[in-house]
Amino acid sequence: MSRVGKGIGSLAMPPLLLMAAAALCGVAVRIIPPGRVFDDAGDYLPVHSILELVSISVSLMVFSLGWAVRRADRNHRNLIIGLAALAAAAIDVFHTLSYAGMLALITPSGPEKAINLWLLGRLAMAIGLILAVTTTERRWSDRGRRLCLLVVGLLTAVLISAGLAHPEWFPRTFIPGDGLTTFKISAEYVLSTAYVAVSSLLYLRFRQSGDGNDLKMAAAAWILGLTGVLLTLYGDVGDLINLTGHVGKALAYLLIYSALFVSGVQAPYAALAKEQALLRTLMDSIPDLIFFKDPYSRYLGYNRAFAAYCGRPESEMTGKTDDEFAPPDIAAFYRAKDRQAMAAGHPSSNEEWIDYPDGRRVLLETVKAPIHDDRGTLLGMVGISRDITGRKAAEEKLRRAHYDLEMVTAVAAHDLQEPARTIASFLQLLQLRYGGQLGEDADQYITYAVEGAHRMRAQLTGLLEYTLIDRSEPFFPPVDTEAVLAEALDTLKPRMDEAGAVVSHGALPVINADPGQLRLLFQHLIGNAAKFRHPDRKPEIRVTATRRDDGWEFAFADNGIGIEEAYWDKIFVVFQRLHTLNHYDGTGIGLAICRKIVERHGGRIRVVSVPDQGSTFSFTLPDRA
């Protein structure tokens with residue numbers, strides 16, 4: 001059978017069953033009239049009151065449950081049914097008090113007055129079930145929920161007042177000696193149709209989802225539909241049919257409460273238990289130490305890795321402090337860090353050496369963060385400790401290796417200056433004394449050697465300058481970058497005059513930086529712009545600074561020869577050149593020095609360029625480097 005066929009079959013099942021049950025009851029009443037269970041209406045009054053009291057009590061429980069889970073109920077089905085149950089409970093209270101034999105409320109009690117209120121109660125529950133089944137998922141504010149409660153309360157009060165004070169406003173439902181009127185029977189059939197329609201929709205939902213709560217709700221709606229049919233067949237208030245109708249109503253309300261209890265209370269707890277089991281599995285599978293404490297540093301729980309550290313299962317340490325397993329000084333240290341993390345209001349970290357029961361000594365990096373509820377109340381803290389012993393050893397080894405490499409590079413660059421200077425000096429003497437005497441080839445070889453010696457000295461100077469950038473401790477006082485730019489231009493004046501370069505700038509800020517390194521950075525960027533100028537136009541260099549969220553972005557824009565995009569990253573590497581020495585001189589270290597200076601200040605440098613049009617070198621410097 002296709003899905004469409006199954007859907008039609010599911011929708012048709014409750015009405016068919018109801019028609020079959022109604023036909024069976026109708027035939028049974030005509031063949032074997034139901035016997036009188038109570039000979040006198042007064043004898044039935046206590047039983048009727050008890051049955052109605054059960055229905056009223058369950059209705060109030062349904063409302064209480066629906067209202068309690070209103071914020072977690074995404075489609076508000078429980079809340080809608082709860083409000084309908086509240087209205088039905090209030091109406092049923094006065095239906096019970098208006099039954100024949102009860103004291104008069106405003107107007108005399110009697111069958112017709114009680115029937116009117118009975119129909120209003122059934123109508124309230126029918127409307128609630130219809131809205132609950134057909135409503136779509138939406139967000140309701142607390143104000144909207146309270147407004148719905150107020151509207152339902154006012155409307156219910158109006159209906160009850162009308163039923164008590166003006167029963168004549170309602171059509172006749174019962175005529176002494178004749179029994180039920182056509183209106184009463186028709187009204188019951190209409191309400192039964194509404195109930196069985198809801199039952200069909202709920203049964204269809206059950207067939208699609210397999211949720212047993214939908215089946216319970218479908219059964220409750222079907223029973224309420226059958227109850228309405230039964231209450232058109234009774235001949236006397238004390239016969240079996242009337243009694244069965246009231247019992248069915250109480251049973252239907254119990255089914256509704258059961259369905260809402262499972263979906264509104266048990267299901268969330270089951271989902272919570274599932275999430276807790278998943279969280280526990282994840283925590284125990286993580287090698288880091290994870291623990292939870294209350295505001296007084298008492299343990300609320302921890303994972304398997306922490307249990308291995310403290311040597312005790314979680315169940316033994318819950319509600320206890322670090323004093324139970326750690327030495328007094330270590331426990332005091334832990335508590336101090338706990339208080340510090342909870343007082344700070346944000347995560348804090350520290351490093352600590354700990355000893356495991358098996359004799360291992362490891363270094364832990366511990367992050368502790370406070371935990372607050374929705375109202376901001378401190379619930380405690382969570383801590384995560386990671387073994388960083390191996391990482392620290394590797395970092396220290398790498399640091400020493402880096403330091404040794406820098407020392408070797410710096411010493412080599414410094415100590416090789418003198419041999420390079422000596423070689424260059426003697427080659428120049430050789431060129432002066434024997435130039436033109438050893439032949440043209442010899443003169444050329446000597447010239448190459450002299451140029452190479454000078455280039456070696458320049459590269460050694462640049463390399464030494466590169467290694468010394470981050471050798472000293474960072475010191476970043478306030479610096480006027482406009483003054484730094486002026487100093488850099490003074491240094492570069494001969495070169496700039498030779499190239500005919502024009503430098504302009506916008507407003508430049510005061511920032512925290514190393515003034516000497518910042519001047520060197522400006523010199524390299526402006527000097528490069530003048531060196532790599534376009535042969536057909538004079539160099540124009542524009543320096544600007546733009547405010548960003550966390551600092552300043554400087555830009556040095558020129559109209560030079562530009563750079564292919566493939567080389568944008570390559571040019572910041574030591575000794576990486578894009579042009580031969582025949583075209584442009586240089587050591588290939590200048591932009592590497594620029595990058596190292598910017599990174600030492602906590603920024604980043606990059607270039608954007610269009611070949612044959614120019615380049616823009618931009619770098620960021622934070623407010624406080």
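By class, how many nonpolar, polar and charged residues does the lining of the second largest cavity have? The structure is a predicted model, and this cavity is a place to start reading it.

Rolling a probe the size of a water molecule over the atoms shows where empty space is left. In this model the count comes to four cavities of 30 Å³ or more. The second largest has a volume of about 80 Å³. Its lining consists of 13 residues, and those nearest the centre are Phe291, Phe306, Tyr334, Glu352 and Ser385. Sorted by class, the lining has eight nonpolar residues, one polar residue and four charged residues, which settles the opening question.

The lining draws on several elements. At least two residues each are supplied by strand 3 (289-293), helix 9 (304-310), strand 5 (348-355) and strand 6 (361-372). Strand 3 gives the largest share, three residues.

Strand 3 is worth following further. Four of its five residues are buried, so strand 3 is largely enclosed by the rest of the structure. Strand 3 pairs with strand 7 (residues 378-387) in the antiparallel sense, over five bridges. Strand 3 is also joined to strand 4 (residues 299-302) by three bridges, and these two strands run antiparallel. Phenylalanine 292 illustrates both pairings: valine 382 stands opposite in strand 7, and glycine 301 stands opposite in strand 4. Strands 3 and 4 form a hairpin with five residues between the strands, where serine 297 takes a positive phi near 65 degrees.

The next topic is the aromatic rings. A pair of aromatic rings is described by the distance of the centres and the angle of the planes. The structure holds 14 such aromatic pairs. In one of them, phenylalanine 306 and tyrosine 309 meet edge-to-face, with 5.4 Å from centre to centre and 80 degrees between the planes. Both residues belong to helix 9, where they are three residues apart, about one turn of the helix. Phenylalanine 306 and tyrosine 309 are both buried.

Why does the pair of phenylalanine 554 and phenylalanine 619 count as stacked? The ring centres are 5.3 Å apart and the planes lie at 10 degrees, so the pair is stacked, since planes under 30 degrees apart are given that name. This pair links distant parts of the chain: phenylalanine 554 is in strand 12 (residues 551-558) and phenylalanine 619 is in strand 14 (residues 614-622), 65 residues apart. Phenylalanine 554 is buried, as is phenylalanine 619.

Ring pairs can also join into a group. Phe291, Tyr299, Tyr302, Phe306 and Tyr309 are linked by ring pairs into a cluster.

Strands 12 and 14 lead on to a sheet. Strand 12 is joined to strand 14 by seven bridges, and the two run antiparallel. One bridge places alanine 557 with threonine 616 of strand 14 as its partner. Both strands belong to an open sheet of five strands in the order 9-11-12-14-13, with mixed pairing. At its edges are strand 9 (502-505) and strand 13 (605-610), each of which pairs on one side only. On average, neighbouring strands of this sheet are turned by 15 degrees against each other, direction ignored.

A last stop is helix 14 (residues 440-467), which contains alanine 449. Is alanine 449 buried or partly exposed? Its relative accessible area is 29%, so alanine 449 is partly exposed, because that class runs between 20% and 50%. The C-alpha atoms of alanine 449 and glutamine 428 are separated by 9.2 Å, while the two residues are 21 residues apart along the chain.

Terms used: Residues are numbered from 1 along each chain as its sequence is written. This is a predicted model: local features need pLDDT of at least 70, side-chain atom pairs count only at pLDDT 80 or more; totals for chains, interfaces and linings use all residues. Side-chain values use heavy atoms; hydrogens and water are left out. On a 1 Å grid over the protein atoms alone, a cavity is a set of points where a 1.4 Å probe fits but cannot get out, and a pocket is an open set with protein on both sides within 12 Å along at least five of seven lines; lining residues have an atom within 4 Å of a point. Grid points are joined across faces, edges and corners, and a volume is the space filled by probe spheres set on the points. Ala, Val, Leu, Ile, Met, Phe, Trp, Tyr, Cys and Pro count as nonpolar, Asp, Glu, Lys and Arg as charged, and the others, Gly among them, as polar. Rings of Phe, Tyr and Trp (its six-membered ring) pair if their centres lie within 6.5 Å; planes under 30 degrees apart count as stacked, over 60 as edge-to-face and the rest as tilted. Buried means under 20% relative accessible area, exposed over 50%, partly exposed in between (1.4 Å probe, protein chains only). Two strands pair if DSSP finds at least two bridges between them. Axes are lines fitted to C-alpha atoms, for helices over the stretch in contact, and angles run from 0 to 180 degrees between N-to-C directions.
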